[in-house]
Structure formats: C-alpha cells, structure tokens
Amino acid sequence: MIEPTLLSIAKADLKTAKRCVLSEDKYEKHIAAYHTQQAIEKTIKYLAMQEGLNLWGHDIAKLISQCKSIGLEIPTEIQKNARVYTLWETIYRYYPTQRIRRDSIQKAIRIAEEWIAKLEQKNNRR
C-alpha cells in the first residue's frame, strides 16, 4: 500500500533532518532543511492520497491549495511558511549559498513530527 509507505518515508526524512540540523557543517544543516521540506511535501501527498487525489510537484503552497479545495486540514504554521519551505527544496539542495536559521528548521521538524503523530493516531482509530 502506497500511503503508509509515503508517511514512513516522511518520518525517515525527519530523522535525517534531526541528525543534520545540529551539525556545525552548514551544508549538513542545509540537508536538514531539504529533508524537512521533503517530509512536509510527502505528508501532504499522503493526506491527499487518502482522499484519492494524486498530487505532483514540490510547491508546498500549491499542494496545500489543492488539499484545501477538498477540505483537508494542514497545520496553520505549515500554511504560513509554505513558500519558505518550498525554497528549501531547491535552494539548500542545489544552491546552498543562503543562510538558514537552525531554529527555523527545528521548529518545522517539530511541527511536522506532531502532525504525523496526529495522522498516525487517527489511522490507528480506524
């Protein structure tokens, strides 16, 4: 089954992000931002798949918009920072010239972990 696997991969992305975010190597910190974005993207796609919607692309804002059109809930903090998280997919993977705050990544990791935990709880109640 694709959906639970996608959520498992999102959790693995967050594990990688948590390991890398504490590094003093700025490129490892950039990898943390990239994997956090990936976890958020995959979690959104997981939610959409639960409703039979197959989303494509990496733009978090667009993915959120498509999910909201069918009534799916996305954490407010993720919605507010969608454009920033989208940038993490390319800027910090291919063009790591910009600075990123460690606490920004850590906050996104925490929000994504809490969101995934809620989704898993909901799944376990079914």
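Among contacts in the chain between residues at least 6 apart in sequence, 62% link residues that are at least 24 apart. Keep in mind that this is a predicted model, so every figure here is computed from it.

**Overall layout**

The chain holds six helices and zero strands, which gives an element order of α-α-α-α-α-α from the N terminus on. The radius of gyration is 14 Å, close to the 14 Å that the globule rule gives for 126 residues, so the chain is as compact as a globular protein of that length. Along the principal axes, the C-alpha atoms fill a box of roughly 45 × 25 × 25 Å. Of the 126 residues, 43% are buried.

**The core**

What sits in the middle of the nonpolar packing? The largest nonpolar core has 38 residues, and those with the most contacts inside it are Ile44, Ile60, Ile74, Ile78, Trp88 and Ile105. Helix 1, helix 2, helix 3 (60-68), helix 5 (82-94) and helix 6 each give two or more residues to this core.

Ile105 is a handy residue to click on. Leaving out residues up to four places away in sequence, Ile105 touches Val21, Lys29, Ala32, Ala33, Thr36, Trp88 and Ile100. Trp88, one of those partners, is also on the list of residues with the most contacts inside the core.

Further along, Ile116 has its place in helix 6 and counts as buried at 2% relative accessibility. Beyond its neighbours within four places in sequence, Ile116 is in contact with Leu7, Ala10, Lys11, Leu14 and Thr43. To get a feel for distances, try Ile116 and Tyr95: they are 21 residues apart in sequence and 29 Å apart in space, C-alpha to C-alpha.

**Salt bridges**

How many salt bridges are there? The count comes to nine. Three of them are set out here, including the N-to-O distance for each.

| Salt bridge | Closest N to O |
|---|---|
| Lys11 with Glu120 | 2.9 Å |
| Glu41 with Lys45 | 2.8 Å |
| Glu77 with Lys80 | 3.6 Å |

Start with Lys11 and Glu120, which form a salt bridge. Lys11 lies in helix 1 (residues 2-21) and Glu120 in helix 6 (residues 102-125), so this pair ties together parts that are 109 residues apart in sequence. Lys11 is partly exposed at 33% relative accessibility, and Glu120 is partly exposed too, with a relative accessible area of 27%. Lys11 also turns up among the contacts of Ile116.

The Glu41 and Lys45 bridge is a local affair. These two are four residues apart in helix 2 (residues 26-50), so about one helical turn separates them. Is this pair buried or exposed? Glu41 counts as buried at 4% relative accessibility, and Lys45 counts as buried at 14%.

Glu77 and Lys80 are three residues apart in helix 4 (residues 76-80), again with about one helical turn between them. Glu77 is partly exposed, with a relative accessible area of 21%, whereas Lys80 is exposed at 60%. Salt bridges that share partners join Glu77, Lys80 and Lys107 into one network.

**A buried lysine without a partner**

Now for an odd one out: Lys29, which lies in helix 2. Lys29 is buried yet has no salt bridge. Which side chain of opposite charge is nearest to Lys29? That would be Glu24, 7.7 Å away. Since a salt bridge needs the nitrogen and the carboxyl oxygen within 4 Å, Glu24 at 7.7 Å doesn't qualify.

So what does Lys29 touch instead? Not counting residues up to four places away in sequence, its contacts are Cys20, Val21, Ile100, Arg102 and Ile105. Val21 and Ile100 are also touched by Ile105.

**Cysteines**

How many disulfides does the model have? The count is zero. A disulfide is a covalent bond between the sulfur atoms of two cysteines. Cys20 is buried, with a relative accessible area of 14%, and Cys67 is buried as well, at 0%. Cys20 is one of the residues that Lys29 touches.

Definitions and conventions: Residues are numbered from 1 along each chain as its sequence is written. This is a predicted model: local features need pLDDT of at least 70, side-chain atom pairs count only at pLDDT 80 or more; totals for chains, interfaces and linings use all residues. Side-chain values use heavy atoms; hydrogens and water are left out. Buried means under 20% relative accessible area, exposed over 50%, partly exposed in between (1.4 Å probe, protein chains only). Lys and Arg count as positive and Asp and Glu as negative; His and the chain ends are not counted. Contact means heavy atoms within 4.5 Å. A disulfide is a pair of cysteine sulfur atoms within 2.5 Å. A nonpolar core is a set of buried Ala, Val, Leu, Ile, Met, Phe, Trp, Tyr and Cys residues joined through side-chain atoms within 4.5 Å. The radius of gyration is taken over C-alpha atoms; the globule rule is 2.2 Å times the number of residues to the power 0.38.
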